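I opened a fresh page in my notebook for this one. Here is what I'm looking at.

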Amino acid sequence: TGNEIPEIGTPDGRALNRKIVTRLRELDSTRYTTEGMNGFLAAAPQLSKYIAQIAAKEIQNMDASTGGSDNLNMAMSVMQHHNEDDLATSDLLTEAFEETSGTLDAAGFNYLTGRHELEAVKHPDRVVVGSETFPKKIPELWDIVERNPHVIGDFTWTGYEYLGEAGIGIFHYNPEDNKWSHYPDRLAYCGDINLNGYRRPASYLRETAYGFRTAPFISVERPEHYGEKYDPNGWKYGDAVDSWTWPGFEGKPVRISVIAKGDEAELLLNGKSLGRKNLGEEEKLTVYFDTVYQPGTLEAISYTDGKETSRTVLCTADDPVKLAAEVVNPEIPADGSGLSLIMVDLKDAEGRVNRGIQKAVTVSVEGAGTLAGFGSADPSCEGSYQDTTWKTYDGRVMAAVRSGLEAGTITVRFSAEECEDAVVTITAK
């Protein structure tokens with residue numbers, strides 16, 4: 001019935017929600033109803049006073065109910081430095097949500113994990129869903145889902161990267177102002193999957209929490225920012241890449257994370273153990289190792305009851321590299337709306353992606369289609385997605401090609417300095 005609607009905490013808003021739910025049930029009695037309810041909006045303006053009492057210096061005179069998503073997102077970020085469950089379980093929010101939650105088939109809570117179990121105490125017959133939650137909280141959230149039959153699932157914000165709310169998930173290391181967006185930020189940068197279809201570490205954290213992945217996942221925080229401070233918030237999960245290729249950082253300190261299921265995880269660098277740590281001691285499903293960068297091989301091993309359960313290897317990629325183009329959908333309809341996506345990676349002779357170097361890649365399209373868009377997943381850069389030349393980001397660029405109204409072959413060519421051209425064909429039919 002809505003998402004983050006401010007007026008659900010008012011008599012008029014509650015009445016309108018009832019009308020919408022009633023009409024929906026008249027139109028289709030088989031569908032369940034929910035709403036993504038945000039406590040920062042539902043309880044405003046009383047909530048502004050509540051927040052000011054807890055975090056007066058940080059929040060200053062900000063009113064979370066006005067000023068668009070920037071003010072709301074900043075207020076939510078500030079509360080994470082305090083006990084956000086105090087807010088989630090407060091009588092103030094219980095009163096604000098009471099009528100709307102009772103009207104819906106499933107109460108949807110945005111960033112209010114503390115309410116999930118409380119609702120079963122107050123209303124044993126109530127169904128709850130996490131309608132919007134922070135990416136890095138999935139280990140705790142999924143534990144709540146598995147332990148509580150009335151909590152039917154969780155939706156993170158967000159799955160795929162998007163333009164807008166620029167900077168909420170970007171790691172800004174400027175010590176003077178490192179909290180929010182700066183020109184030329186363009187992406188939110190909180191997606192499990194980036195703009196070029198690359199799975200970021202949060203995606204593997206989620207896969208592991210769900211029980212779909214048994215192998216450890218290794219990622220390395222960008223060494224150029226080792227030890228630097230940034231303002232953490234719930235949308236930021238590790239400024240890291242699954243790469244052990246960092247030219248120019250030989251002998252310099254790096255921080256490595258291992259996501260795994262089990263009791264313990266061990267990390268080996270070029271065959272030498274960097275230690276064996278208890279999973280969950282620092283963070284659920286994750287352990288960290290600090291070392292210095294040496295090209296070669298990283299190997300993570302997970303253990304349960306003292307026995308090895310799985311391992312993952314991450315190797316340094318070589319230079320020179322080649323352009324490796326992969327067509328996601330090589331056949332598209334010739335109706336003017338068919339789209340084909342092409343991922344272009346910088347790979348060495350062994351097929352390993354070299355994320356440690358950057359190249360300007362140019363695309364051209366001939367035949368029965370046109371270029372719909374081209375670019376990298378760089379969250380903070382200038383340039384247009386209509387440009388035909390882009391620099392790679394973490395070793396990748398992506399092109400989108402659109403069919404015309406006539407059947408035929410579309411030839412797409414990618415070129416970069418010191419690389420042979422990569423050519424792919426798409427069939428429009």
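My entries below go topic by topic.

**Entry 1: before anything else**
I reminded myself that this is a predicted model.

**Entry 2: a greasy spot outside**
I started on the surface and found a nonpolar patch made of Leu16, Ile20 and Leu24. Together they offer about 230 Å² of accessible area. I looked up leucine 16 and found it in helix α1, residues 11-27. Leucine 16 has a relative accessibility of 46%, so I noted it as partly exposed.

**Entry 3: a covered helix**
How many residues of helix α9 are buried? I got nine of its ten, so I wrote "mostly covered" beside residues 201-210. Among the buried ones are Pro201, Tyr204, Leu205 and Glu207. Next I checked what they pack against: α8 (138-147) is on the list, and the strands there are β4 (151-156), β5 (217-221), β6 (240-241), β7 (253-259) and β10 (286-292). After α9 comes glycine 211, and its phi is positive, near 90 degrees.

**Entry 4: rings**
I found 13 aromatic pairs in the structure. One of them joins tyrosine 111 and tryptophan 235, edge-to-face, with 5.6 Å centre to centre and 75 degrees between the planes. Why does this pair tie together distant parts of the sequence? Tyrosine 111 is in the loop between β2 (106-110) and α7 (114-122), while tryptophan 235 is in the loop between β5 and β6, so the parts it ties together are 124 residues apart in sequence. Tyrosine 111 and tryptophan 235 are both buried. With Phe134, Tyr111 and Trp235 make up one aromatic cluster.

I also looked for charges over rings. Arginine 199 lies over the face of tyrosine 204, 3.9 Å from the ring centre. Lysine 277 does this with phenylalanine 289, at 4.8 Å from the ring centre.

**Entry 5: threonine 113**
I went back to the loop between β2 and α7, where threonine 113 has its place. Is threonine 113 buried or exposed? Its relative accessible area is 16%, and under 20% means buried, so buried it is. Setting aside neighbours within four places in sequence, threonine 113 is in contact with Leu141 and Ile144.

**Entry 6: salt bridges**
Side chains of opposite charge can pair when their charged atoms come close. I counted 25 salt bridges here.

I looked at aspartate 28 with arginine 31, whose closest N and O atoms are 3.4 Å apart. Aspartate 28 is partly exposed at 27% relative accessible area, and arginine 31 is exposed at 59%.

Then I took aspartate 290 with arginine 255, at 2.7 Å from N to O. Aspartate 290 is in strand β10 and arginine 255 in strand β7, so this pair ties together parts 35 residues apart in sequence. Both ends came out partly exposed: aspartate 290 at 41% and arginine 255 at 23%.

My next pair was glutamate 418 and lysine 359, at 3.6 Å from N to O. Glutamate 418 sits in the loop between β20 (408-415) and β21 (422-428), and lysine 359 in the loop between β15 (339-347) and β16 (360-367), which puts them 59 residues apart. Glutamate 418 is exposed at 69%, whereas lysine 359 is buried at 14%.

Last note on the page: Arg115, Glu119 and Arg126 are linked in a network of salt bridges.

Technical notes:
Residues are numbered from 1 along each chain as its sequence is written. This is a predicted model: local features need pLDDT of at least 70, side-chain atom pairs count only at pLDDT 80 or more; totals for chains, interfaces and linings use all residues. Side-chain values use heavy atoms; hydrogens and water are left out. Patches are made of residues with over 30% relative accessible area and no salt bridge: like charges are joined within 9 Å, nonpolar side chains (Val, Leu, Ile, Met, Phe, Trp, Tyr) within 5 Å. Accessible areas come from the Shrake-Rupley method with a 1.4 Å probe; for residues, only the protein chains shown count as cover. A salt bridge is a side-chain nitrogen of Lys or Arg within 4 Å of a carboxyl oxygen of Asp or Glu. Helices (H or I, at least four residues) and strands (E, at least two) are DSSP runs, numbered from the N terminus. Buried means under 20% relative accessible area, exposed over 50%, partly exposed in between (1.4 Å probe, protein chains only). Contact means heavy atoms within 4.5 Å. Rings of Phe, Tyr and Trp (its six-membered ring) pair if their centres lie within 6.5 Å; planes under 30 degrees apart count as stacked, over 60 as edge-to-face and the rest as tilted. A charge sits over a ring if NZ of Lys or CZ of Arg is within 6 Å of the ring centre and within 35 degrees of the ring normal.
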